[in-house]
Amino acid sequence: MPRYRRGISLIGLIYILVGIYVAWVYDYITPALLKDIAEALLAVFLWFLVLLGVDLRLNG
């Protein structure tokens with residue numbers, strides 16, 4: 001029986017990393033955007049804390 005490997009290949013990972021670098025160099029990705037994404041991910045994964053009134057905004 002053939003086994004199929006799930007996940008991303010090395011070429012796919014390199015492609016994504018180069019894309020992230022190019023987006024950073026051309027200012028499509030900025031530190032402010034990364035901060036907003038981090039806050040959004042915190043709110044998604046820790047939604048129960050948001051309902052309890054905890055402020056998950058990152059200062060700095």
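A residue is called buried under 20% relative accessible area, exposed over 50%, and partly exposed in between (1.4 Å probe, protein chains only). On this scale, buried residues account for 8% of the 60 residues in the chain. The structure is a predicted model, in which local features need pLDDT of at least 70 and side-chain atom pairs count only at pLDDT 80 or more, while totals for chains, interfaces and linings use all residues. Residues are numbered from 1 along each chain as its sequence is written, and side-chain values use heavy atoms, with hydrogens and water left out.

The secondary structure consists of three helices and zero strands, where helices (H or I, at least four residues) and strands (E, at least two) are DSSP runs numbered from the N terminus. The order along the sequence is α-α-α. For the chain, the radius of gyration, taken over C-alpha atoms, is 17 Å, whereas a compact globule of 60 residues would have a value near 10 Å. The globule rule used here is 2.2 Å times the number of residues to the power 0.38. The C-alpha trace spans about 50 × 40 × 15 Å along its principal axes.

The accessible surface of the chain amounts to about 5900 Å², and 69% of this belongs to carbon and sulfur atoms. Accessible areas were obtained by the Shrake-Rupley method with a 1.4 Å probe; for residues, only the protein chains shown count as cover. The chain has 5 positive and 4 negative charges, and the mean positions of the two sets are 21 Å apart. In this count Lys and Arg are positive and Asp and Glu negative, with His and the chain ends not counted. Each charge is placed at NZ of Lys, CZ of Arg, CG of Asp or CD of Glu.

Helix H1 covers residues 10–25, and its end C-alpha atoms are 23 Å apart; this agrees with the 22 Å that its 16 residues should span at 1.5 Å a residue. The expected span is 1.5 Å times one less than the number of residues. Gly19 belongs to H1 and is partly exposed, because its relative accessible area is 36%. Between the C-alpha atoms of Gly19 and Asp36, which are 17 residues apart along the chain, the separation is 20 Å.

The loop between H1 and helix H2 (31–45) contains Asp27. Most residues other than glycine have a negative phi. Asp27, just after H1, instead takes a positive phi of about 60 degrees. With a relative accessible area of 58%, Asp27 is exposed.

Two residues of H2 were examined in relation to Leu58. Lys35 lies in this helix and is partly exposed, at a relative accessible area of 31%. The C-alpha atoms of Lys35 and Leu58 are 7.2 Å apart, with their positions 23 residues apart along the chain taken as the sequence separation. Glu39 is also found in H2, but its relative accessibility is 13%, so Glu39 counts as buried. From Glu39 to Leu58 the C-alpha distance is 6.5 Å, at a separation of 19 residues in sequence.

Leu46 occupies the loop between H2 and helix H3 (47–51). Its relative accessible area of 27% makes Leu46 partly exposed. Leu46 and Tyr21 are 25 residues apart along the chain, and their C-alpha atoms are separated by 29 Å.

Aromatic contacts were counted from ring geometry. Rings of Phe, Tyr and Trp (its six-membered ring) pair if their centres lie within 6.5 Å; planes under 30 degrees apart count as stacked, over 60 as edge-to-face and the rest as tilted. The count by this rule is one aromatic pair. The pair is formed by Trp47 and Phe48 and is edge-to-face, with 6.0 Å centre to centre and 80 degrees between the planes. Trp47 is exposed, its relative accessible area being 51%, while Phe48, at 41%, is partly exposed.
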